[in-house]
Amino acid sequence: MHLRVVGNIVTGDDCQTQVIINCQSLPCLLHLLSSSKESIRKEACWTISNITAGNGQQIQNVIDCNIFPVLIDILGKAEFKTRKEAAWAIANATSGGLPEQIRFLVDQSCIPPLYDLLTVMDSKIAQVALNGLENILRLGETEAKRGNGVNPYTEMIEMCYGLDKIEFSQAHENLEIYQKAFDIIERYFGTEEEDKSLAPAMDQASQQYQFGGDTATPLGNFQF
């Protein structure tokens, strides 16, 4: 059974997940993430995504095993089929994780590879990435109310051209992605503007949209 996030609801069985953790599977999965075979790395990410769909303690087990830094690196650099599974793992953790666990993910630089996925041709994964970003922004809004009134994660996304990619998602043909992007911008960035004339060009070789703020071409894009 492959556990998945539906909106902010995690589906799955925490008891089954705990059995897997109790069998000392996490160190083995960490080792598999470094495999030279992409198919093995993909399946390891798939398994981890099931575990991060569990409860806070189970997510903490993944943190304690130092899996997330490797997973986030894969999220930004691997072939698309592997990045897709890593995206589920990170998004699941932002959904079910405790505030300090989500902060840990942000400190490990999970935001840039998440918003990079907004430009891929796979609508489902773009939606998963938006969900992950929304969970992070929601935490930032809570922190802003307790602090100086500034959401630290909106600033982080704007500084790295992430807002451009969220804005572009408003022009997506998938209605759910459009609505999610619209809601995120309206709630967290204080603007509803959408300028389709500024839509980025499509890189035909990578099948991924290209933005002026990015100089590097992401690897492992959607394969038809």
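**Notebook: rings and helices**

I searched the whole structure, a predicted model, for aromatic pairs and got one. The partners are Y178 and F182, with 6.0 Å from centre to centre and 35° between the planes, so the pair counts as tilted.

Where do Y178 and F182 lie? Both are in helix α12 (residues 175–189), four residues apart, or about one turn of the helix. That spacing fits a rule I keep handy: an α-helix has 3.6 residues a turn, so residues three or four places apart point the same way.

Next I checked whether each ring is buried or partly exposed. F182 has a relative accessible area of 18%, under the 20% cut-off, so F182 is buried. Y178 comes out at 24%, so Y178 counts as partly exposed.

Then I moved on to helix α3 (residues 38–51) and tried its length. With 14 residues at 1.5 Å a residue, α3 should span 20 Å, and its end C-alpha atoms are indeed 20 Å apart. I also listed what is buried in α3: E38, R41, A44, C45, I48, S49, N50 and I51. What covers these buried residues? I found α1 (14–22), α2 (25–32), α4 (56–64), α5 (68–77) and α6 (80–96) among the cover.

Last stop: how do helix α7 (residues 99–107) and helix α9 (residues 123–146) pack? Their axes are 10 Å apart, at an angle of about 115°, and the crossing is left-handed. On the α7 side I noted P99, I102, R103 and V106 making the contact, and on the α9 side I136, L139 and E143. Sorted by type, the contact residues are five nonpolar and two charged, with no polar ones.

Methods. Residues are numbered from 1 along each chain as its sequence is written. This is a predicted model: local features need pLDDT of at least 70, side-chain atom pairs count only at pLDDT 80 or more; totals for chains, interfaces and linings use all residues. Side-chain values use heavy atoms; hydrogens and water are left out. Helices (H or I, at least four residues) and strands (E, at least two) are DSSP runs, numbered from the N terminus. The expected span of a helix is 1.5 Å times one less than its number of residues. Buried means under 20% relative accessible area, exposed over 50%, partly exposed in between (1.4 Å probe, protein chains only). Contact means heavy atoms within 4.5 Å. Axes are lines fitted to C-alpha atoms, for helices over the stretch in contact, and angles run from 0 to 180 degrees between N-to-C directions. A crossing is left-handed if the near helix is turned anticlockwise from the far one by less than a right angle, and right-handed if clockwise. Ala, Val, Leu, Ile, Met, Phe, Trp, Tyr, Cys and Pro count as nonpolar, Asp, Glu, Lys and Arg as charged, and the others, Gly among them, as polar. Rings of Phe, Tyr and Trp (its six-membered ring) pair if their centres lie within 6.5 Å; planes under 30 degrees apart count as stacked, over 60 as edge-to-face and the rest as tilted.
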